[in-house]
2 protein chains.
Amino acid sequence: MISKRLSELRKKRQWSLQYIADQLNIAKSTYAGYESGYRQPSLEAVKELALLFETTTDYLLGVTNEEQPTVELTHPTAYITVDGKQVTEDEMMQLIAFIRVKRDLSTQKEK
Amino acid sequence: MISKRLSELRKKRQWSLQYIADQLNIAKSTYAGYESGYRQPSLEAVKELALLFETTTDYLLGVTNEEQPTVELTHPTAYITVDGKQVTEDEMMQLIAFIRVKRDLSTQKEK
DNA sequence: TAAAATCGTTCGCGATTCGCGTACCTTCAT
DNA sequence: ATGAAGGTACGCGAATCGCGAACGATTTTA
């Protein structure tokens, strides 16, 4: 799983094996082993790879299939904050209503 | 890092070492090694532990310090959707303004 | 209260896996 | 032609893994 993900992400960014190896301070052959599935990265390496690719370890490990996490406000899977303060359930309901109305209006305008 | 997190989470749930070992189909001494830091879990074990504890691998590995992820709308680290459709940047700005105004009003009312 | 079970810790062992250097093949620019 | 750069494969020594076993300390059962 992780080998597939690493390979995808690296190719998408058009990075070389050597470049990543340099970033993590490991040998090119070591990182190559991760992509081929011949080796498994250490937990520390997984962390650094997630940072380097600006993704999550959950994505690299295949816990999730979202390269960048998605939060659906109607069924939040995360705490939502604004200015560091949690958005209350009450506020959330109004937010959602606000978005729905706004979208509805702009749809009508198009017609 | 991961050893500390595992120990915290297990104690919070009042689970025994044996219980977790059974869930993952590994020896008690193996899991004990994870918590003591004497051993590092395999990537597969990390995945399963995240599922078992209902948290993320990012939290177990110490990429994040949030047991449950938090998304700050002013600096989102996730795609935000409502009814499956992504909230645009424009909508997001209005949302944030909405929340701020609402909070401001309720603060004034208290005085 | 004696015996048995449960819990957490530690350790040695054999087996597995790691990270590295090296060598090799292509491709491409010099 | 030749050298640099990218990707792949492999052997080696060293490090780490997972397991069972053994231990003391509690707790539960009879």
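**Chains and DNA strands in contact**

Visitor: What rotation superposes chain A on chain B?

Guide: A turn of 179 degrees, with 0.4 Å of shift along the axis, at an RMSD of 0.9 Å. The two copies are thus related as by a two-fold rotation axis. The fit is by least squares on C-alpha atoms of residues with pLDDT of at least 70 in both copies. This is a predicted model: local features need pLDDT of at least 70, side-chain atom pairs count only at pLDDT 80 or more, and totals for chains, interfaces and linings use all residues. Residues are numbered from 1 along each chain as its sequence is written, chains are lettered from A and ligands numbered from 1 in the order written.

Visitor: How many residues of chain A are in contact with chain B?

Guide: 32 residues of chain A touch 32 of chain B. Contact requires C-beta atoms, placed from the backbone, within 7 Å. On chain A's side, helix 6 (89-110) gives the largest share, six residues. That side holds 18 nonpolar, eight polar and six charged residues. Here Ala, Val, Leu, Ile, Met, Phe, Trp, Tyr, Cys and Pro count as nonpolar, Asp, Glu, Lys and Arg as charged, the others, Gly among them, as polar.

Visitor: Why do the copies meet through the same surface?

Guide: 100% of the interface residues of chain A are also interface residues in chain B, so the copies meet through the same surface.

Visitor: What makes strand 2 of chain A and strand 1 of chain B a pair?

Guide: Pairing needs at least two bridges found by DSSP. These strands have three, in the parallel sense, so they qualify. Ile80(A) bridges to Val71(B), and Tyr79(A) to Thr70(B). Strands (E, at least two residues) and helices (H or I, at least four) are DSSP runs, numbered from the N terminus.

Visitor: Which order do the strands take in the open sheet?

Guide: 3(A)-2(A)-1(B), with mixed pairing. Strand 3 (85-86) of chain A and strand 1 (70-72) of chain B each have a single partner strand, so one side of each has no neighbour in the sheet.

Visitor: Which residues come nearest to DNA strand C?

Guide: Ser29(A), Thr30(A), Gln40(A), Ser16(B) and Ser29(B), of 18 around it. Near means a C-beta atom, placed from the backbone, within 6 Å. Helix 3 of chain B supplies the largest share, six residues.

Visitor: What gives the most to the surface near DNA strand D?

Guide: Helix 3 of chain A, with five residues. Of the 17 residues around strand D, Ser29(A), Ile26(B), Ser29(B), Thr30(B) and Gln40(B) come nearest. By class, that surface has six nonpolar, eight polar and three charged residues.

Methods
Contact = placed C-beta atoms within 7 Å.
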